[in-house]
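This report looks at charged side-chain pairs and at how accessible their partners are.

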Amino acid sequence: MRTLRSLYTTAAAASMLAVALPASAQQLSIATGGTGGVYYPIGGGFAEMINNHIEGAQATAEVTGASVENMGLIMRGDADLALALADTVYQAYTGTGDFEGRQIENTRALASVYPNAVQLVTLAESDIESIADLAGKRVSVGAPGSGTELNARALLEANGVSYDDFTPQRLNFNETADAIRDGDIDAGFWSVGPPTSSILNLAATRDIRLIGLSDEEVANAQEEEAVFAPYELAAGMYDGMDEAVQTIGIPNVLVVNADMDEELAYQLTQLLFENTDELIAVHPAANDTTVEFTMDSTPVPLHPGALRYFEEVGAEIPDRLRP
């Protein structure tokens with residue numbers, strides 16, 4: 001991981017004065033996702049920012065199965081911060097969907113960091129032109145416990161496609177890319193901030209095609225999940241992608257447990273929004289890390305420490321974000 005660490009180090013501004021935390025500050029664990037997605041570099045970049053700028057705090061990014069697993073880590077106290085998709089976060093907070101019977105009421109947000117895009121990829125020579133064409137195919141729906149699988153399933157079911165219609169494979173991002181390249185599967189889903197390294201690498205070795213969604217399919221998905229929104233993947237995002245592709249997007253939320261020290265939550269939120277350029281240097285998805293995006297997109301209440309920061313900068317805070 002020398003390249004990633006070098007990037008994080010370059011991104012960090014050494015001239016910023018370190019901010020001291022209470023003596024009780026401990027080692028911080030940031031639950032991310034697989035190394036082929038965006039969570040890991042974003043989490044690693046933020047960990048390096050914490051290490052460089054917050055005196056008394058040391059942070060590390062942990063590889064995980066992503067959103068669903070990450071919420072469990074927050075609930076059990078096995079992670080201090082976690083990145084997770086908005087629909088997963090909302091289900092955990094309300095005890096619905098995959099979290100029925102295991103509600104995580106102590107879920108609090110520091111910020112919404114950037115939107116994911118659901119990306120359905122196949123080889124250019126494939127006869128798959130729409131999600132309906134997945135019938136009878138071998139399709140990766142994402143790693144077990146990932147937000148990708150939650151999003152893929154919601155999108156498909158909203159449009160009359162079930163796992164019974166194809167052969168589902170539960171692979172992480174890198175495994176999905178490898179399986180498409182090698183012809184072991186026909187298509188695969190990613191729910192991740194574009195562009196993502198695993199698709200970039202696949203497109204560099206094989207001719208690929210991204211499957212777009214119709215207006216009706218997007219509308220059906222929005223009826224299934226209120227956090228879904230239309231999203232356009234720009235032309236040229238990946239090699240061979242000559243035209244823009246319509247899909248759906250979902251916010252990614254930086255979550256903590258309500259028990260986190262208020263001063264620590266305040267300092268973390270301040271660090272994220274006042275040094276966003278460092279995170280953008282790690283991954284362009286952080287261009288969407290704004291106060292406005294957090295106010296518009298966050299599905300659960302903010303931690304009191306984060307609220308204090310947003311009040312100080314004069315943000316218009318919706319009532320739904322107050323605990």
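E311 is partly exposed at 45% relative accessibility, a class that lies between buried (under 20% relative accessible area) and exposed (over 50%), with a 1.4 Å probe and protein chains only. Its partner R322, at 36% relative accessibility, also counts as partly exposed. This is a predicted model, in which local features need pLDDT of at least 70 and side-chain atom pairs count only at pLDDT 80 or more, while totals for chains, interfaces and linings use all residues. Residues are numbered from 1 along each chain as its sequence is written, and side-chain values use heavy atoms, with hydrogens and water left out.

The structure holds twelve salt bridges, each defined as a side-chain nitrogen of Lys or Arg within 4 Å of a carboxyl oxygen of Asp or Glu. Three of the pairs are tabulated here.

| Pair | Closest N to O |
|---|---|
| E149 and R170 | 2.9 Å |
| E263 and R308 | 2.8 Å |
| R322 and E311 | 2.9 Å |

E149 lies in helix α5 (residues 147–158) and R170 in the loop between β8 (167–169) and α6 (173–182), so their salt bridge ties together parts that are 21 residues apart in sequence; helices (H or I, at least four residues) and strands (E, at least two) are DSSP runs, numbered from the N terminus. E149 is buried at 8% relative accessibility, whereas R170 is partly exposed at 40%.

The salt bridge between E263 and R308 links helix α9 (residues 262–274) with helix α12 (residues 304–312), the two residues being 45 residues apart.
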